[in-house]
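I opened this notebook page to record, step by step, what I looked up in the model. The entries follow the order in which I went through it.

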Amino acid sequence: MFVDVHCHLSFPEFDEDRPEVIRRLREQNISLLIDPGTNTETSRRSIELSAHHEFIYATVGLHPHEISTAFSPETFSLLEALTTEPKVVGIGEIGLDYHYPGYDAKTQQEAFRSMLRIAKKHDLPAVVHSRDAWEDTLRILKEEQSSNLRGIMHCFSGNMEHARQCILSGFKISIPGTLTYKKSSLPEVVGEVAIGDLLTETDAPYLPPVPFRGKRNEPSYVRIVTEKIAAIKELTVEKTAAIIKNNVFTLFPIRRHSQTSIP
Ligand SMILES: [Zn+2]
Ligand SMILES: [Zn+2]
C-alpha cells in the first residue's frame, strides 16, 4: 500500500543485495516504486529493472550534475527514444542544482527546458530536482507552462511559498525522509499542503530517515515517511497511504488494473 515515487534501486549501491532489499520492501507493503534515470545509461538500467518487476516503473532523464559530460543533442534524442519503452511513465530526473560549483547554470537551464519540452510532447509528467535554485526553477516552469505540463518536485526542500507556486504549475510535492530530521522545515509544509498534492519517496540510497541516518537508505523506509505524514495530517496510516497512492495514479500513466496483481 505504500509508494516510493523516487528511488534509485537500479544504482550500483544495491548491486550486492538487491533481491533482499526487494524482499524487505515487499514485507513492508511497498506496492509501487518509480526508479528514475539520471543519464542515458542509468535510464536504461531503470527500464531494465522495471522490466523484471511488475510493481517497478521507470522514468528517463538527465540529472543537472550529468550535464557537463552528457549535454548533447544525441543525449536528448536517445532519452526521447526511450520514452516508448513500456514501463516508462515520466521524464526525469531533470532540473537545476546550484548547490555545488562547477555545473554551468545556463547549460543546466537549457537542458531542463529541452527535457520539459520532451515531457510535454509525449504527454508525460516531469520528475524535477531543484536544489538551491528555486528562483530559476519556478521561472522556467512558468515560462514552459502548457495545459499538459505536470509532474513532481522530487525530494522537496523548499518553503511553503515555493510549494504553492509548484502546485500552481501542476506539480505535486514529493516528501523524502528528511521530513524526520530535527531541523527540517518540511513538517510545516506537509501541514499546509493539501494531502491530494503530496507524494512520498526515499531517494534511496541517499538521505535515510531517522533512525537510519548515516546508513544506506532503502525503499522499505518510505513507510516511515508515510507514517510521519499521517501523524501531521491526523489521519490513519492506511488512509494516508491510500490517498498518496491515488495521487500517483492521477499523475503517472500507470494502468490501474496492474494493481490487482499487487498485494
Ligand atoms: Zn534528485
Ligand atoms: Zn534522485
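**Entry 1, helix α9.** I began with α9 in this predicted model, and found that α9 has 12 residues and reaches 17 Å from its first C-alpha to its last, close to the 16 Å expected at 1.5 Å a residue. I then listed the buried residues of α9, which are Val222, Arg223, Ile224, Val225, Thr226, Lys228 and Ile229. I looked up what these buried residues pack against, and noted β1, β2 (30-36), β7 (171-175), α8 (186-192), β8 and α10 (237-251). Just after α9 comes Glu234, and I wrote down its positive phi, near 55 degrees.

**Entry 2, confidence.** Before going further I checked pLDDT, and the protein has a mean of 95, with 97% of its residues at 70 or more. Over residues 259-263, however, pLDDT stays under 50, and for this stretch the model has 4 contacts beyond four places in sequence.

**Entry 3, the annotated binding site.** I turned to the UniProt record, an unreviewed entry, whose annotation "binding site" covers His6, His8, Glu93 and Asp203. These positions are spread over 198 residues of sequence, yet they cluster in space, the largest C-alpha distance being 11.1 Å.

I took His8 next and placed it in the loop between β1 (2-4) and α1 (18-27). Is His8 buried or exposed? I count His8 as buried because it has 24 other C-beta atoms within 10 Å, where 20 or more are required. Not counting residues up to four places away in sequence, His8 touches Asp35, Pro36, Ala204 and Pro205.

For Asp203 I found a position in the loop between β8 (198-200) and α9 (222-233). Asp203 has 23 C-beta neighbours inside 10 Å and therefore counts as buried. Leaving aside neighbours within four places in sequence, I recorded contacts of Asp203 with His6, Cys7, Cys155, Pro176 and Asn217, and His6 is itself covered by the annotation.

**Entry 4, the nonpolar core.** I looked up the largest nonpolar core, which has 68 residues, and those with the most contacts inside it are Ile91, Met115, Ile173 and Ile175. Helix α5 (residues 105-121) gives the most to this core, with 6 residues. For Met115, with neighbours within four places in sequence left aside, I noted contacts with Gly61, Leu62, Ile91 and Ile94.

**Entry 5, helix α5.** I compared the span of α5 with expectation: its 17 residues should span 24 Å at 1.5 Å a residue, and its end C-alpha atoms are 24 Å apart, which agrees. The buried residues of α5 are Gln108, Ala111, Phe112, Met115, Leu116, Ile118 and Ala119. Because they cover an arc of only 155 degrees around the axis, I place them on the same side of α5. On the other side of α5, I found Lys106 and Lys121 exposed. Among the elements that cover the buried residues of α5 are α4 (73-82), β4 (88-97) and α6 (134-143). After α5 comes Asp123, whose phi is positive, near 55 degrees.

**Entry 6, Arg113.** My last look was at Arg113, which has its place in helix α5. Arg113 has 14 other C-beta atoms within 10 Å, so I entered it as partly exposed. Not counting residues up to four places away in sequence, Arg113 touches Ile140 and Glu144. I also noted that the C-alpha atoms of Arg113 and Glu143, 30 residues apart along the chain, are separated by 9.4 Å.

Technical notes. Residues are numbered from 1 along each chain as its sequence is written. Chains are lettered from A and ligands numbered from 1 in the order in which they are written. This is a predicted model: local features need pLDDT of at least 70, side-chain atom pairs count only at pLDDT 80 or more; totals for chains, interfaces and linings use all residues. UniProt positions are given in the numbering used here, feature names are shortened, and annotations may be inferred rather than shown by experiment. Helices (H or I, at least four residues) and strands (E, at least two) are DSSP runs, numbered from the N terminus. A residue is buried if 20 or more other C-beta atoms lie within 10 Å of its own, exposed if 12 or fewer, and partly exposed in between; C-beta atoms are placed from the backbone. Two residues are in contact if their C-beta atoms, placed from the backbone, lie within 7 Å. A nonpolar core is a set of buried Ala, Val, Leu, Ile, Met, Phe, Trp, Tyr and Cys residues joined through C-beta atoms within 7 Å. The expected span of a helix is 1.5 Å times one less than its number of residues. pLDDT is the predictor's confidence in each residue, from 0 to 100. The arc is that of the directions from the helix axis to the C-beta atoms.
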